[in-house]
Amino acid sequence: MTVPFEQAPPTLGNQYEDDRVLRSYLARVCPAEMLREIEPSLFEMGRLAGGELYQLQLADRLNEPRLTQWDAWGNRVDRIELTPMWRLAERIAVEHGVIATAYERKHGALSRVHQSALAYLFTPSTDIYSCPLAMTDGAARTLLVSGNQELIERAVPHLITREPSEFWTAGQWMTEITGGSDVGLSETIAKAGAGSREFRLYGRKWFTSAISSQIALTLARPEGNPPGGRGLALFYLETRDEQGRPRNIEINRLKDKLGTRKVPTAELTLNGTPAQLVRGTTDGVRNIAPLLNITRLWNGISAVSLMRRGVALAFDYARKRVAFGSTLAEKALHMDTLLGLRAEAEAAFHLAFYVAELTGRSEAGEIDEDDAWLLRLLTPVMKLTTAKQAVSVASEVLESFGGAGYVEDTGLPVLLRDSQVLPIWEGTTNVLALDGLRALGEAESLEPLRSFATRLFETLHNPQFIDLSQIALAAIERAESWLKEARARSRSHVEAGARRFALTLGRAIELALLVRHAQWSQEHEQDQQSTASAQRFARAGVDLI
Ligand SMILES: Cc1cc2nc3c(=O)[nH]c(=O)nc-3n(C[C@H](O)[C@H](O)[C@H](O)COP(=O)(O)OP(=O)(O)OC[C@H]3O[C@@H](n4cnc5c(N)ncnc54)[C@H](O)[C@@H]3O)c2cc1C
């Protein structure tokens with residue numbers, strides 16, 4: 001009798017236990033006592049992510065959110081039905097403090113790192129439920145820094161709670177048909193109510209994700225305000241009344257999207273939706289910036305978490321799949337490919353988590369001027385760099401499964417489709433590259449960035465690491481001299497090169513952070529794997545100028 005040839009699917013273990021990169025990083029940045037305190041939460045999230053959540057995600061593959069616009073009696077209801085996975089994901093996120101951890105601040109500034117680690121473990125097994133969490137986290141932060149005590153008391157406790165029945169999510173309604181990047185063109189009008197502080201909003205919002213949210217932060221132009229971004233104000237609104245009916249909001253349809261298909265993303269018409277000013281009657285674009293900084297951090301954490309998931313599945317499969325007489329794991333070329341992906345993911349991880357560290361220090365009021373500058377620069381640079389890496393890693397991950405990577409019920413193609421949104425929402429690559437330039441202002445030199453990299457390298461003594469650090473420094477210096485030359489030529493020269501400039505800075509800082517960690521890991525863990533990743537990453541190219 002011939003034994004039938006069967007393909008074994010890839011499997012996942014505890015996603016915290018198996019993650020060398022995350023564990024080694026936390027061991028370096030967290031004091032031992034903090035690590036002892038937070039590890040149970042990470043083991044538990046790793047267990048869920050590699051176990052029941054992952055299985056449920058595979059089983060829930062074909063479910064999608066549904067919009068019911070009318071009830072049987074002709075009433076407009078605009079009800080959204082979420083997928084079973086999303087309903088479970090919400091409960092788990094709330095109970096495990098995937099937002100709350102950052103606000104309870106049990107471990108000071110490092111609480112953002114703890115929260116980011118939870119989000120990183122949670123995200124790849126929960127069908128992009130990270131989207132409403134990111135916006136909810138961003139809304140909490142924006143309200144807190146707004147100083148609007150009434151809204152802080154009304155909404156923030158719901159956004160950061162650990163009690164599922166109390167939990168609210170927040171939407172972020174910026175993009176209109178006139179533009180998602182150029183939001184200054186927004187056409188939504190805010191009319192002040194006679195004798196009341198309440199406004200009514202009239203207009204169309206063109207992309208509104210997680211439309212099941214209880215509240216939203218949005219931009220609208222108070223009547224009489226000038227055109228452009230400055231004339232917009234930031235508003236808070238509650239989407240439904242006590243009976244669950246939309247407050248003068250019509251959900252016209254859900255978008256039919258390439259990926260993130262579990263995220264209900266809607267087109268809306270606001271027909272006099274009641275809303276309150278968050279802060280001032282102008283400068284809405286500036287006032288919503290804290291929200292964008294948080295969602296961009298989440299974008300980076302999601303990018304590295306999706307890369308990590310793809311790479312974990314690909315390595316597992318390589319140990320099982322046999323071709324030409326041995327497993328793929330025994331093929332030097334296949335392993336060379338996978339190790340290249342791992343190096344990209346590992347370098348990206350260190351940049352995303354470094355931005356989490358800086359964000360935590362900024363929130364705790366423990367950041368100095370240089371690091372505040374670094375955070376303003378690295379937030380867009382990190383978002384755009386990691387998003388691009390995620391798309392290219394996901395594409396290679398699919399190829400590493402051969403035909404199976406292209407077949408939907410393996411659960412693999414969704415990795416690529418979901419990754420493809422990362423460079424688009426929360427600011428496209430080009431728009432963020434320009435943001436990065438704005439963060440530099442008129443500064444002629446990248447001195448603070450060079451001195452940051454130099455500080456990282458202060459303790460390097462092994463020539464192997466010193467060589468790698470020189471590659472990172474040379475790329476920063478090259479970017480600096482390009483900027484000088486381009487500025488001397490014209491504004492359009494600077495803009496035309498902004499993407500290459502930002503990606504070069506992103507990759508250079510990724511290499512610098514990875515080299516610093518590699519030395520630590522060699523010394524404290526006797527582990528050479530980060531060193532090997534740093535060498536591969538440097539060979540893959542850092543300077544894209
Ligand atoms: C799945 C999904 C969910 C979304 N959810 C939300 C949401 O919840 N809330 C929300 O507000 N928005 C949301 N968006 C919208 C998203 O933020 C916008 O699509 C994005 O910001 C780009 O805006 P746009 O679509 O108008 O493209 P455009 O701004 O028209 O950009 C088109 C192209 O032009 C480039 N470009 C634009 N300006 C410049 C410039 N000055 N220099 C060089 N290149 C430039 C861009 O990089 C891009 O490649 C979502 C989008 C998607 C895909």
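## Cavities, pocket and ligand shell in a predicted model

The largest cavity is lined by Ile128, Ser130, Cys131, Ala134, Met135, Thr295, Trp298, Asn299, Ser302, Leu422, Trp425 and Glu426. Two elements, helix H7 (130-146) and helix H10 (289-320), give two or more residues each to this lining. Sorted by class, the lining of the largest cavity holds 7 nonpolar, 4 polar and 1 charged residues. The structure described here is a predicted model.

### Enclosed spaces

Rolling a probe the size of a water molecule over the atoms shows where empty space is left. How many cavities of 30 Å³ or more does the count give? The count comes to 9. The largest of them has a volume of about 100 Å³, and the second largest cavity has a volume of about 60 Å³.

The lining of the second largest cavity is made by Asp78, Ile211, Thr239, Arg240, Pro246, Ile249, Ile251 and Leu268. Its classes are 5 nonpolar, 1 polar and 2 charged residues.

### An open space: the second largest pocket

The second largest pocket has a volume of about 480 Å³. There are 28 residues in its lining, and those lying nearest its centre are Arg61, Asp127, Lys262, Val414 and Arg417. Helix H3 (52-59), H10 and helix H13 (413-419) each supply at least two residues of this lining. H10 thus appears both here and in the lining of the largest cavity. The largest share of the pocket lining, 5 residues, comes from H13. By class, the lining of the second largest pocket consists of 11 nonpolar, 7 polar and 10 charged residues.

The two cavities and the pocket are set side by side below.

| Space | Volume | Classes of the lining residues |
|---|---|---|
| Largest cavity | about 100 Å³ | 7 nonpolar, 4 polar, 1 charged |
| Second largest cavity | about 60 Å³ | 5 nonpolar, 1 polar, 2 charged |
| Second largest pocket | about 480 Å³ | 11 nonpolar, 7 polar, 10 charged |

### The surroundings of the ligand

There are 21 residues around the ligand, and Gln172, Thr175, Gly180, Ser181 and Thr428 come nearest. Two of these nearest residues, Gln172 and Thr428, also appear among the polar contacts. A polar backbone atom of Gln172 is 2.7 Å from a nitrogen atom of the ligand. For Thr428, the side chain takes part: one of its N or O atoms is 2.6 Å from an oxygen atom of the ligand. Met174 contributes through its backbone, where a polar atom is 2.9 Å from an oxygen atom of the ligand. Taken alone, the ligand exposes 970 Å², and the protein buries 65% of that area.

Which elements supply at least two residues each to the shell around the ligand? They are strand S3 (170-173), strand S5 (199-208) and helix H14 (429-440). The largest share, 3 residues, comes from H14. The residues of the shell divide into 8 nonpolar, 11 polar and 2 charged.

### Four individual residues

Most residues other than glycine have a negative phi, and most peptide bonds are trans. Against that background, Arg105 has a positive phi, near 45°. Arg105 is placed in the loop between helix H5 (100-104) and helix H6 (111-122). Is Arg105 buried or partly exposed? Its relative accessible area is 32%, so Arg105 counts as partly exposed.

Asp283 also has a positive phi, near 60°. Asp283 is found in the loop between strand S9 (266-277) and helix H9 (284-287). Why does Asp283 count as buried? Its relative accessibility is 12%, and the cut-off for buried is under 20%.

Val391 lies within a helix, namely H12 (residues 369-400). Val391 is buried because its relative accessible area of 16% falls under 20%. Val391 and Ala303 are 88 residues apart in sequence, while their C-alpha atoms are 8.5 Å apart in space.

Pro31 belongs to the loop between helix H1 (20-29) and helix H2 (32-50). With a relative accessibility of 47%, Pro31 counts as partly exposed. Pro31 and Arg20 are 11 residues apart in sequence and 18 Å apart in space, from C-alpha to C-alpha.

Terms used: Residues are numbered from 1 along each chain as its sequence is written. This is a predicted model: local features need pLDDT of at least 70, side-chain atom pairs count only at pLDDT 80 or more; totals for chains, interfaces and linings use all residues. Side-chain values use heavy atoms; hydrogens and water are left out. A residue is near a molecule or strand if one of its heavy atoms lies within 4 Å of it. A polar contact is a pair of N or O atoms within 3.5 Å; within protein, one must be able to donate a hydrogen and the other to accept it, and residues adjacent in sequence count only if both atoms are side-chain atoms. Accessible areas come from the Shrake-Rupley method with a 1.4 Å probe; for residues, only the protein chains shown count as cover. Helices (H or I, at least four residues) and strands (E, at least two) are DSSP runs, numbered from the N terminus. Ala, Val, Leu, Ile, Met, Phe, Trp, Tyr, Cys and Pro count as nonpolar, Asp, Glu, Lys and Arg as charged, and the others, Gly among them, as polar. On a 1 Å grid over the protein atoms alone, a cavity is a set of points where a 1.4 Å probe fits but cannot get out, and a pocket is an open set with protein on both sides within 12 Å along at least five of seven lines; lining residues have an atom within 4 Å of a point. Grid points are joined across faces, edges and corners, and a volume is the space filled by probe spheres set on the points. Buried means under 20% relative accessible area, exposed over 50%, partly exposed in between (1.4 Å probe, protein chains only).
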